Amino acid sequence: MDIRDRYKFEENGSEISFMPNYSFLRTLVWWLALGVLALPAIIYYFRDKMSGDQFKIAIGLWTVYMIYFLFDLFFMIPVKFVFDKSEKCIYRKLYFSRKLMHFDEMTYFVNDERGGHYYSIGKKRYQFVKNYRISNYFSGSKASERKEDEYIKEILCPVLIAVGIPLKQDEN
């Protein structure tokens, strides 16, 4: 799958848009299907082996599992960032559009977290208070470094060129 497809990257004359969480859709659907198939298996196999309280706990855990994945499916995956060149504004679109900032207020940075890192955008001087993740997590593996290089070249560079921000190069 191409990097532009993984992020559902679209560029036309007046705007650039992409969905940073779109690549998780296939994995999420598999986990949801597994959860739906697990319920009948739990009911059939464990109905005689568990007490009523244990069964309620198992169904409660299954319910939390399904709510978590449905939340991701409806509120995390469809998030789209739109960089409108004509208005020079950045929008975050879920089910309705919300203006985040103007191009001249934007800064980007790398967030290090839990052994990996990802790219974020935020308003200058407030980027560590409120920021928005615009990439998947990248680790130190060779495959991840390849994906990161591809992300920088195909997604981040066109966005930064449109916004008018120079790309920060590592000093390595």
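Let's start at methionine 106. Setting aside residues up to four places away in sequence, this side of the story has quite a list of partners: methionine 106 touches Phe83, Ile90, Met101, Ile121, Gly122, Lys124, Leu160, Val163 and Ile165. Please keep in mind that we are looking at a predicted model.

So where does methionine 106 belong? It is part of the largest nonpolar core, which has 27 residues. Phe83, Met106, Ile121 and Tyr151 are the members with the most contacts inside that core. Several elements feed into this core with at least two residues each: strand E2 (15-18), strand E3 (80-84), E5, strand E6 (106-113), strand E7 (116-123) and helix H4 (142-163). Which of them gives the most? That is H4, with 7 residues. As a general background thought, nonpolar side chains in soluble globular proteins tend to be buried together.

There is also a second, separate core of 6 residues, and Leu28, Leu32, Phe69 and Ile77 are among them.

Let me point out three buried residues while we are here. Serine 17 is in strand E2, and its relative accessible area is 2%, so it counts as buried. Beyond its neighbours within four places in sequence, serine 17 is in contact with Lys8, Phe9, Glu10, Lys80, Phe81 and Val82. Serine 144 sits in helix H4 and is buried too, at 8% relative accessible area. If we again leave aside neighbours within four places, serine 144 is in contact with Phe138 and Ser139. Then there is tyrosine 118 in strand E7, buried with a relative accessible area of 8%. Tyrosine 118 touches Phe109, Val110, Asn111, Glu113, Arg133, Ser135, Asn136 and Tyr137, not counting residues up to four places away in sequence. Measure along the chain and then through space, and you get two distances for tyrosine 118 and isoleucine 3: they are 115 residues apart in sequence, and 15 Å apart from C-alpha to C-alpha.

Now for the aromatic rings. The count comes to 15 aromatic pairs. One of them joins tyrosine 65 and phenylalanine 69, edge-to-face, with 4.7 Å from centre to centre and 80° between the planes. Why are these two about one helical turn apart? Because they are 4 residues apart in helix H3 (residues 52-76). Are they buried or exposed? Tyrosine 65 is partly exposed at 23% relative accessibility, while phenylalanine 69 is buried, with a relative accessible area of 12%.

Another pair brings together phenylalanine 75 and tyrosine 95. Their ring centres are 6.2 Å apart and their planes stand at 90°, so this pair is edge-to-face. It links distant parts of the chain, 20 residues apart: phenylalanine 75 is in helix H3, and tyrosine 95 is in the loop between strand E4 (89-93) and strand E5 (97-102). Phenylalanine 75 is partly exposed at 39% relative accessibility, and tyrosine 95 is exposed, with a relative accessible area of 53%.

Both of these residues turn up again on the surface. Leu70, Phe71, Phe74, Phe75, Met76, Tyr95 and Phe96 form a nonpolar patch there, and together they have about 740 Å² of accessible area. Phenylalanine 74, for example, is in helix H3 and is partly exposed, at 43% relative accessible area.

Elsewhere, Phe9, Phe18, Phe81, Phe83 and Tyr132 form one aromatic cluster. You may remember Phe83 as one of the residues with the most contacts inside the largest core.

Last topic: charges. Side chains of opposite charge can pair when their charged atoms come close. How many salt bridges does the structure hold? There are 4, and I'll show you some of them.

The side chains of arginine 4 and glutamate 154 meet in a salt bridge, 3.0 Å from N to O. Arginine 4 lies in helix H1 (residues 3-6) and glutamate 154 in helix H4, so the pair ties together parts that are 150 residues apart in sequence. Arginine 4 is partly exposed at 27% relative accessibility, and glutamate 154 is partly exposed at 23%.

Next, glutamate 11 and lysine 85 form a salt bridge at 3.9 Å, N to O. This pair also links distant parts of the chain, 74 residues apart, with glutamate 11 in strand E1 (residues 10-11) and lysine 85 in the loop between E3 and E4. Glutamate 11 is partly exposed, with 42% relative accessible area, and lysine 85 is partly exposed, with 27%.

Finally, arginine 114 forms a salt bridge with glutamate 113, and their closest N and O atoms are 2.4 Å apart. Arginine 114 is exposed at 74% relative accessibility, whereas glutamate 113 is partly exposed at 27%. We have met glutamate 113 already, among the residues that tyrosine 118 touches.

Methods
Residues are numbered from 1 along each chain as its sequence is written. This is a predicted model: local features need pLDDT of at least 70, side-chain atom pairs count only at pLDDT 80 or more; totals for chains, interfaces and linings use all residues. Side-chain values use heavy atoms; hydrogens and water are left out. Rings of Phe, Tyr and Trp (its six-membered ring) pair if their centres lie within 6.5 Å; planes under 30 degrees apart count as stacked, over 60 as edge-to-face and the rest as tilted. Buried means under 20% relative accessible area, exposed over 50%, partly exposed in between (1.4 Å probe, protein chains only). A nonpolar core is a set of buried Ala, Val, Leu, Ile, Met, Phe, Trp, Tyr and Cys residues joined through side-chain atoms within 4.5 Å. Contact means heavy atoms within 4.5 Å. Patches are made of residues with over 30% relative accessible area and no salt bridge: like charges are joined within 9 Å, nonpolar side chains (Val, Leu, Ile, Met, Phe, Trp, Tyr) within 5 Å. Accessible areas come from the Shrake-Rupley method with a 1.4 Å probe; for residues, only the protein chains shown count as cover.
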